[in-house]
Amino acid sequence: MKKYKRLFIPMILVLLLATAQSSCEENQKDTKDAVLLSKQLDSAAPQKPLSEEFKKYWYAGDAEITSYTLKQARYGEIRDGHAVLIYVTEHFLKQEQLKADQHHAENIPVLKLNTTKNFITGIYPYSIMTSSFYPVHDNQHALKISNSVQEWCGHVYAQLNNRDQYKVSAHSYFETEGDQELTLEKANLENEIWNKIRINPKNLPVGDFEMIPSLEYIRLGHIAFKAYRAVGSLREEASGYTYAISYPELQRTLAIHFDKTFPYAVDSWEESYKSGFGSSAVMLITEASRIKRLKTPYWQQNKNKDVFLRDNLGL
């Protein structure tokens with residue numbers, strides 16, 4: 001009998017240890033599942049309903065194109081140029097994060113903004129384009145942002161995708177930047193602000209928060225891809241609203257002026273920061289002022305006879 005007791009006790013211990021290990025693994029699995037679920041809930045809050053005026057304006061089968069005179073700070077001087085904001089709604093593939101060729105129930109409706117800037121620095125031109133894809137239901141961060149800069153020295157490209165974390169892919173002809181693949185924790189995105197203004201400006205971030213600057217500024221300023229401390233404010237004025245973001249560490253401020261009533265069209269903006277490099281950098285202000293706004297299906301207007309529309313935009 002004593003022999004059986006000696007065998008029985010170790011077996012009890014084995015069973016207890018196995019049970020504890022199994023329980024521990026289950027707890028770890030539950031924790032991982034809870035974290036994953038938390039991330040999913042954090043990245044996709046309940047959808048905000050769309051108003052009838054929103055549907056009537058943004059689902060009329062055309063895009064909104066607005067041209068601006070541009071005074072662009074670059075290399076310590078102000079350059080004359082033009083900027084264009086092109087807003088249009090699209091269906092976006094959830095996993096691939098690309099524009100959908102066909103409509104499906106799982107597609108995410110987005111308000112896309114393509115921003116272009118063109119200006120001359122001395123003998124050579126700059127061409128900048130940024131695309132932001134933001135859910136029209138205003139319930140998560142931008143799904144994708146891309147930026148490219150072309151000039152005679154070369155070109156650079158960066159793309160941010162909204163996954164469990166932000167995934168950033170960046171390419172540059174500069175040795176110190178080169179090809180980069182990195183992940184960033186979720187934070188507010190400066191690029192998505194321009195989309196949020198057009199959907200619901202009262203939902204803009206205010207107070208102190210972390211924000212990833214625009215991909216254009218990151219690339220032109222050769223700064224790190226990361227979130228910086230920012231201070232946001234929304235101010236009502238006689239002619240409209242002004243939303244301002246200040247980055248103390250970067251000594252940079254962006255102020256966007258837009259209409260008081262829907263569709264909250266962007267009238268102008270100013271961006272102050274140090275332009276130039278090293279000790280020669282000086283504080284300058286980039287400014288843009290609205291010229292003309294058109295609602296039109298531009299993708300159908302690609303014939304020579306359609307060139308007059310550029311004259312209408314003052315381009």
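# Reading a predicted chain: a tutorial dialogue

Of the 315 residues of the protein chain, 45% count as buried.

User: I am new to this structure. What kind of model is it, and how many helices and strands does the protein chain have?

Analyst: The model is a predicted one, and its protein chain has five helices and 15 strands. A second way to describe the chain is through its contacts: among those with a separation of 6 or more, 49% are between residues 24 or more positions apart.

User: How should I read burial in a single helix, and how many residues of α3 are buried?

Analyst: The general idea is a cut-off, since a residue counts as buried when its relative accessible area is under 20%. In this structure α3 is mostly covered, with ten of its ten residues buried. The buried residues of α3 include the charged side chains Glu-190, Glu-192, Lys-196 and Arg-198, and they also include Ile-193, Trp-194, Ile-197 and Ile-199.

User: How do I read a cavity, and how many of 30 Å³ or more are there here?

Analyst: Rolling a probe the size of a water molecule over the atoms shows where empty space is left. In this model the count comes to one cavity of 30 Å³ or more, and the volume of the largest cavity is about 230 Å³. Its lining is made up of 15 residues, and those that lie nearest the centre are Thr-115, Asn-191, Trp-194, Ser-214 and Glu-216. Two or more lining residues come from each of the elements β3 (108-121), β4 (124-135), α3 (190-199), β13 (252-258) and β14 (266-275). Asn-191 and Trp-194, which were named for the lining, are also among the buried residues of α3.

User: Which classes of residue make up the lining of the largest cavity?

Analyst: Sorted by class, the lining of the largest cavity has five nonpolar, five polar and five charged residues.

User: How do I read an aromatic pair, and how many does a search of the whole structure find?

Analyst: The idea is to look at the distance between ring centres and then at the angle between the planes, where under 30 degrees counts as stacked and over 60 as edge-to-face. The search of the whole structure finds 19 aromatic pairs. One of them joins Tyr-217 and Tyr-273, whose ring centres are 5.8 Å apart and whose planes stand at 70°, so this pair is edge-to-face. The pair links distant parts of the chain, because Tyr-217 belongs to helix α4 (residues 215-221) and Tyr-273 to strand β14, 56 residues apart. Both partners are buried, with a relative accessible area of 11% for Tyr-217 and of 8% for Tyr-273.

User: What would a stacked pair look like?

Analyst: Tyr-241 and Phe-258 give such a case: their ring centres are 5.8 Å apart and their planes are at 25°, so the pair is stacked. This pair, too, links distant parts of the chain, with Tyr-241 in strand β12 (residues 241-247) and Phe-258 in strand β13, 17 residues apart. Tyr-241 counts as buried at 18% relative accessibility, and Phe-258 is buried with a relative accessible area of 2%.

User: Which residues form one aromatic cluster?

Analyst: Phe-54, Tyr-57, Trp-58, Tyr-59, Tyr-87, Phe-262 and Tyr-264 form one aromatic cluster. Phe-262 also deserves attention for its backbone, since the peptide bond from Phe-262 to Pro-263 is cis, with omega near 10°. Pro-263 has its place in the loop between β13 and β14.

User: Where do I find residues other than glycine with a positive phi?

Analyst: Gln-97 is one of them, with phi near 55°, and it lies in the loop between β2 (77-92) and β3. Gln-251 also has a positive phi, of about 55°, although it is not a glycine, and its place is in the loop between β12 and β13. As to burial, Gln-97 is buried with a relative accessible area of 3%, whereas Gln-251 is partly exposed with a relative accessible area of 45%.

User: Lastly, which side chains are joined to Ser-169 by a polar contact?

Analyst: Ser-169, which lies in strand β7 (residues 166-171), has a polar contact of 3.1 Å between its side chain and that of His-171, and one of 3.0 Å with the side chain of Glu-181. Leaving aside neighbours within four places in sequence, Ser-169 is in contact with Tyr-157, Ala-158, Gln-159, Gln-180 and Glu-181.

How values were computed
Residues numbered from 1 in each chain as written. Predicted model: local features only at pLDDT ≥ 70, side-chain atom pairs only at ≥ 80, totals over all residues. Heavy atoms only, no water. Helix = DSSP H or I, 4+ residues; strand = E, 2+ residues; numbered from the N terminus. Polar contact = N/O pair within 3.5 Å; in protein donor to acceptor, adjacent residues only side chain to side chain. Contact = heavy atoms within 4.5 Å. 1 Å grid on protein atoms, 1.4 Å probe; cavity = no way out; pocket = protein on both sides within 12 Å on 5 of 7 lines; lining within 4 Å. Points joined across faces, edges and corners; volume = space filled by probe spheres on them. Phe/Tyr/Trp six-rings, centres within 6.5 Å; stacked < 30°, edge-to-face > 60°. Buried < 20%, exposed > 50% of the residue type's maximum accessible area, 1.4 Å probe, protein only.
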